[in-house]
Amino acid sequence: MTSIRASRAFQGFGMSALQSVHERGSRSVIWSFSILAGITLGPLLYSYVIQNITWQMGFWFVTIPLGLSIISIFFFVPETTYIRKRPSDIPSADGTSEKKASIDDNGPSSDNESAALVRKSYLSQLRIYNGTFTRISLFRLFLRPFPFLLSPVFWFMFLCFGMQTVWLSLMPLCSSTIFTIEYGFDATQIGLTNLGGLVGIVLATAITGPLTDWGTVWLSKRNKGVYEPEFRIMFVGSMLFGVFGYAGWAVGTTHKMPWIGAVACIAMANFAIIVSGSAAVTYLLDTHGPNALHVLALSNFGKNMVLYGFTFFANGMIASRGVKVSLLILAGCQAACWIASIPMYIYGKRVRSFIARNPKLFQNGQEQDLDDTN
């Protein structure tokens with residue numbers, strides 16, 4: 001058990017790295033698909049390892065794709081941050097310019113600036129250390145995301161996306177108990193039930209991108225051609241599919257529902273998180289823009305802490321309270337999180353106005369110029 005606890009600590013450090021999310025629409029769906037597909041396929045493959053080899057070998061098999069990912073990132077994902085010059089660096093008509101540089105990962109670059117950049121060789125891009133790009137101390141960098149706790153958008157993301165991921169992540173953890181009690185499945189059969197979740201994920205990925213993009217365009221036309229980010233929140237209503245999935249599974253257990261019905265309920269829960277999660281992430285990008293990464297980091301941190309706490313008693317709750325009551329509790333939690341989207345839809349414009357009028361509130365540890373001597 002000591003080795004397992006130590007390995008989980010190292011896994012937590014690995015999960016703390018969060019990539020920059022800066023795309024809209026369909027690409028946020030692909031991001032959600034990648035997360036949920038990993039949650040679904042992991043137990044499916046791991047069940048065969050447990051059944052035919054040992055549970056310890058499952059950890060060794062996980063190291064293979066993780067090792068390949070590390071190698072691929074090192075060789076094929078170069079550092080993209082660089083010191084972007086200000087307009088004052090562009091030579092003026094008399095040939096003079098002020099030598100000031102700043103970092104801006106989000107602003108557009110000019111043609112003169114792009115021409116002035118020196119293209120690095122492939123070998124130089126493999127350097128592990130590329131220097132520093134800010135004067136901010138590590139302590140202030142650590143504190144940078146925390147002011148976003150004051151943003152209502154963070155709490156909307158935490159409830160409608162982060163906590164929904166917690167409920168869904170509990171399903172693989174508890175599926176062994178549920179399917180053993182109700183259907184007498186072995187490890188391999190329990191793993192195969194995750195195929196229902198994969199079907200829901202694939203269906204949601206196929207329709208969510210075009211649906212949300214077309215839907216926001218249609219709503220904008222109905223709004224006299226004015227786009228409102230709150231249009232995205234309407235698609236968070238798909239969380240109700242998850243409510244029906246959990247509640248339907250709970251009710252079905254008292255009516256001797258066949259196992260295919262339980263698998264269909266799992267598919268509904270996975271379908272719900274893809275559609276609603278993609279809409280929530282896109283709304284976050286519309287409201288906080290380049291600072292969306294900090295909100296996602298906080299949301300993921302809170303979600304992981306809650307999920308960690310649930311792992312201590314989730315299976316015990318199912319064994320003591322029963323499958324029906326436990327699933328109804330999940331349905332109630334899912335419904336409560338969905339209700340949180342209603343005030344955000346009503347007051348979203350005021351929230352965006354508050355964020356726009358108080359930019360300094362969310363600027364803790366913003367990038368400073370390397371060569372700023374003033």
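Visitor: Buried means under 20% relative accessible area, exposed means over 50%, and partly exposed is in between, with a 1.4 Å probe and protein chains only. What percentage of the protein chain counts as buried on that basis?
Guide: Of its 374 residues, 38% count as buried. This is a predicted model, where local features need pLDDT of at least 70, side-chain atom pairs count only at pLDDT 80 or more, and totals for chains, interfaces and linings use all residues. Residues are numbered from 1 along each chain as its sequence is written, and side-chain values use heavy atoms, with hydrogens and water left out.

Visitor: What does the pLDDT average over the protein chain?
Guide: The average is 76, and 77% of the residues score at least 70. That score is the predictor's confidence in each residue, from 0 to 100.

Visitor: Which elements have the lowest and highest mean pLDDT?
Guide: Strand β2 (residues 101-103) has the lowest mean, 42, and α15 has the highest, 89. Helices (H or I, at least four residues) and strands (E, at least two) are DSSP runs, numbered from the N terminus.

Visitor: Where does pLDDT stay under 50?
Guide: One such stretch is residues 15-25, for which the model has 19 contacts beyond four places in sequence. Another is residues 367-374, with 24 contacts of that kind. A contact here means heavy atoms within 4.5 Å.

Visitor: And how many helices and strands are there?
Guide: The secondary structure comes to 15 helices and two strands. Among contacts between residues at least 6 apart in sequence, 80% join residues at least 24 apart.

Visitor: Where does UniProt place the feature "transmembrane region"?
Guide: The unreviewed UniProt entry places it at residues 29-51, 57-77, 190-212, 233-252, 258-285, 292-313 and 325-347. UniProt positions are in the numbering used here, feature names are shortened, and annotations may be inferred rather than shown by experiment. In the model, residues 190-212 are 96% helix and 0% strand, with the end C-alpha atoms 34 Å apart. Residues 325-347 likewise come out at 96% helix and 0% strand, with 34 Å between the end C-alpha atoms.

Visitor: How far does helix α14 reach?
Guide: Helix α14 (residues 323-339) has 17 residues and reaches 25 Å from its first C-alpha to its last, close to the expected 24 Å. The expected span is 1.5 Å times one less than the number of residues.

Visitor: Which residues of α14 are buried?
Guide: They are V323, S326, L327, L330, A331, Q334 and C337. Seen down the axis of α14, these buried residues fall within an arc of 140°, so they line one face of the helix. The arc is that of the directions from the helix axis to the C-beta atoms.

Visitor: Switching to aromatics, how many pairs are there?
Guide: Rings of Phe, Tyr and Trp (its six-membered ring) pair if their centres lie within 6.5 Å; planes under 30 degrees apart count as stacked, over 60 as edge-to-face and the rest as tilted. By this rule there are 16 aromatic pairs. In one of them, the rings of F154 and W155 have centres 4.8 Å apart and planes at 70°, so the pair is edge-to-face.

Visitor: Are F154 and W155 buried or exposed?
Guide: F154 is buried, with a relative accessible area of 4%, while W155 counts as partly exposed at 42%. W167 and F310 also form an edge-to-face pair, 5.7 Å centre to centre with 85° between the planes. That pair links distant parts of the chain, W167 in helix α7 (residues 152-183) and F310 in helix α12 (residues 292-310), 143 residues apart.

Visitor: Which residues form an aromatic cluster?
Guide: F179, Y183, F185 and W249 form one.

Visitor: What about backbone oddities: which residue has a positive phi of about 60°?
Guide: That is K224, although it is not a glycine. K224 sits in the loop between α9 (194-222) and α10 (239-253), and counts as exposed at 81% relative accessibility. K256 has a positive phi of about 55° and is not a glycine either. K256 lies in the loop between α10 and α11 (259-288) and is exposed, with a relative accessible area of 77%.

Visitor: Last one: what does L361 touch?
Guide: Not counting residues up to four places away in sequence, L361 touches P147, L150 and F354. L361 is in the segment after α15 (341-357) and counts as partly exposed at 33% relative accessibility. L361 and L150 are 211 residues apart in sequence and 8.6 Å apart in space, C-alpha to C-alpha.
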